[in-house]
Amino acid sequence: MGNERVLVINSGSSSIKYQLLEPDSGVITASGLVERIGEDDGRIEHTVDGRTVEHHGPIADHTAGLRLAFRMFADSGHDLTTEAMTAVGHRVVHGGEVFYRPTLLDDHAIATISELSALAPLHNPANVMGIEAVRALLPGIPQVAVFDTAFFHDLPDAAKTYAIDAKVAAAHGIRRYGFHGTSHEYVSGQAAKLLGRAPDEVSQIVFHLGNGASASAIRDGKPVDTTMGLTPLEGLVMGTRTGDLDPGIIPHLMRSANMDIDRIDQLLNRNSGLKGLSGVNDFRELRRLIDSGDRAAQLAYDVYIHRLRRYLGAYLIELGGVDAITFTAGVGENSPDVRADALAGLEKFGIAVDSERNRAKDRSARIISPPDAEVAVLVVPTNEELAIARAAQAVVAELRS
């Protein structure tokens, strides 16, 4: 494939993140963010060769935003209409039962992704808007969807099944799907590499801790459980999402607070988690509040750590012990306090964090447990864009063969 590149698109409801990179080397040619789509104060931040330029002004829709971004590509010497590009890889959040491997996008596949919007109403419609926008601008380039749920498609039946009426579940696609799968798969593979072993030789727990957060239990390279379920709402405490919740709270709020389902959905997804408890969802701001003596912020942090430890214990039992515990994503990679507190007092289980290694200013993949620890504790930067680019490249290579 030489130096051919893949354009990776991560499309949200009012924003688009993008990267142009070489899948083989991982070298990033350019990256950017289109935000506030549909608003008068739209903004594009475009970085190429270490230089960042910005555009400010109205951005009517996703196609308009990408058209402006493509113009910025051309102005910086990378005209995407003539660039040697293998494919465009799209992050798609929900694949349902239908999609469980990277998929070449055609009219039928796009229509099916749209139909799956009932399972991911905040995400799949935005993903489709990005796909349609790129198809209009680059009609000759293969488009490939990579699904957040794919890595967890084959969870064991006991892990993926909810204990509700089986006919209702079957009729409405209700099962535990899991999310952040592209990150969990990439990071677990990199962790095995760091340990000098093949992925199928390593059992580990991966904590993907960002504004959205999830954990996975991986036995011999294959996931056997994960914290997110039908939607990305289940599991760990997140920036604005509740994580695990007594389902009885929902009818209780409908009856006692006269809240309709849309208000409850907004509450659980947008105004809960760290934000609901402390007023902030940025971990740096939460730490600042804690250091100033804010009791609500301290409680939010304590609840966050409590939930991490609950799943850590559950997954240790489920796996029967692990070779590694791996932290990734914004909080997982950058908060030594979270890593230390999540694993505190577990020396009797062979789990420990070396304070000096944990607090070292190092952005690379690394081991932060003591050299003689029975269980390796790792920090591994995630790179979902590279994983998506390589998956898209593989699909196109198979077409060519």
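Strand 9 (residues 204-209) and strand 12 (residues 324-328) run parallel and are joined by five bridges. One pair in this arrangement can be picked out by name: phenylalanine 207 has phenylalanine 327, in strand 12, as its bridge partner. The model is a predicted one, and the two strands are a convenient place to start reading it.

Strands 9 and 12 belong to an open sheet of six strands, with the order 11-10-9-12-14-13 and mixed pairing. Strand 11 (222-226) and strand 13 (366-367) are at the edges; each has a single partner strand, so one side of each has no neighbour in the sheet. As a general point, the strands of a sheet pair through backbone hydrogen bonds, and the pairing may be parallel or antiparallel.

The loop between strand 9 and strand 10 contains asparagine 211. Is this residue buried, partly exposed or exposed? Its relative accessibility is 44%, so asparagine 211 counts as partly exposed. Not counting residues up to four places away in sequence, asparagine 211 touches Met238, Gly239, Thr240 and Asn281. With asparagine 281 there is a polar contact between the two side chains, at 3.2 Å. Asparagine 211 can also be placed relative to strand 12: its C-alpha atom is separated by 14 Å from that of phenylalanine 327, and the two residues are 116 residues apart along the chain.

Next comes a helix that meets this sheet. Helix 6 lies across strand 9, strand 10 (213-219), strand 12, strand 13 and strand 14 (376-379), and runs at about 130° to strand 9. Helix 6 (residues 181-194) also packs with helix 15 (residues 384-400), at an angle of about 90° and with the axes 9 Å apart. Angles of 65 to 115 degrees count as roughly perpendicular, and helix 6 and helix 15 are therefore roughly perpendicular to each other. On the helix 6 side, Thr182, Ser183 and Tyr186 take part, and they meet Glu384, Leu386, Ala387 and Ile388 of helix 15. By type, the residues of this contact are four nonpolar, two polar and one charged.

A second helix pair is arranged in another way. Helix 2 (residues 107-115) packs with helix 3 (residues 124-137) at an angle of about 155°, and their axes are 9 Å apart. An angle over 145 degrees counts as roughly antiparallel, and helix 2 and helix 3 are therefore roughly antiparallel to each other. Asp107, Ile110, Ile113 and Ser114 of helix 2 meet Asn124, Val128, Ile131, Glu132 and Arg135 of helix 3. Four of the residues in this contact are nonpolar, two are polar and three are charged.

Serine 11 is part of strand 1 (residues 5-11). Its relative accessible area is 4%; buried means under 20%, so serine 11 is buried. Leaving aside neighbours within four places in sequence, serine 11 is in contact with Ile16, His62, Ala126, Asn127 and Gly130. A polar atom of the serine 11 side chain lies 2.9 Å from the backbone oxygen of alanine 126.

The last stop is a run of antiparallel strands. Strand 3 (residues 28-35) and strand 4 (residues 43-48) run antiparallel and are joined by six bridges; here glycine 32 stands opposite histidine 46 of strand 4. Six bridges also join strand 4 to strand 5 (residues 51-56), again antiparallel, and valine 48 stands opposite arginine 51 of strand 5. Strands 4 and 5 form a hairpin with two residues between them, and in the turn aspartate 49 has a positive phi of about 50°.

Notes: Residues numbered from 1 in each chain as written. Predicted model: local features only at pLDDT ≥ 70, side-chain atom pairs only at ≥ 80, totals over all residues. Heavy atoms only, no water. Axes fitted to C-alpha atoms, helices over the stretch in contact; angles between N-to-C directions. Helix = DSSP H or I, 4+ residues; strand = E, 2+ residues; numbered from the N terminus. Parallel < 35°, antiparallel > 145°, perpendicular 65-115°, else oblique. Contact = heavy atoms within 4.5 Å. Nonpolar A, V, L, I, M, F, W, Y, C, P; charged D, E, K, R; others polar. Buried < 20%, exposed > 50% of the residue type's maximum accessible area, 1.4 Å probe, protein only. Polar contact = N/O pair within 3.5 Å; in protein donor to acceptor, adjacent residues only side chain to side chain. Pairing = 2+ DSSP bridges.
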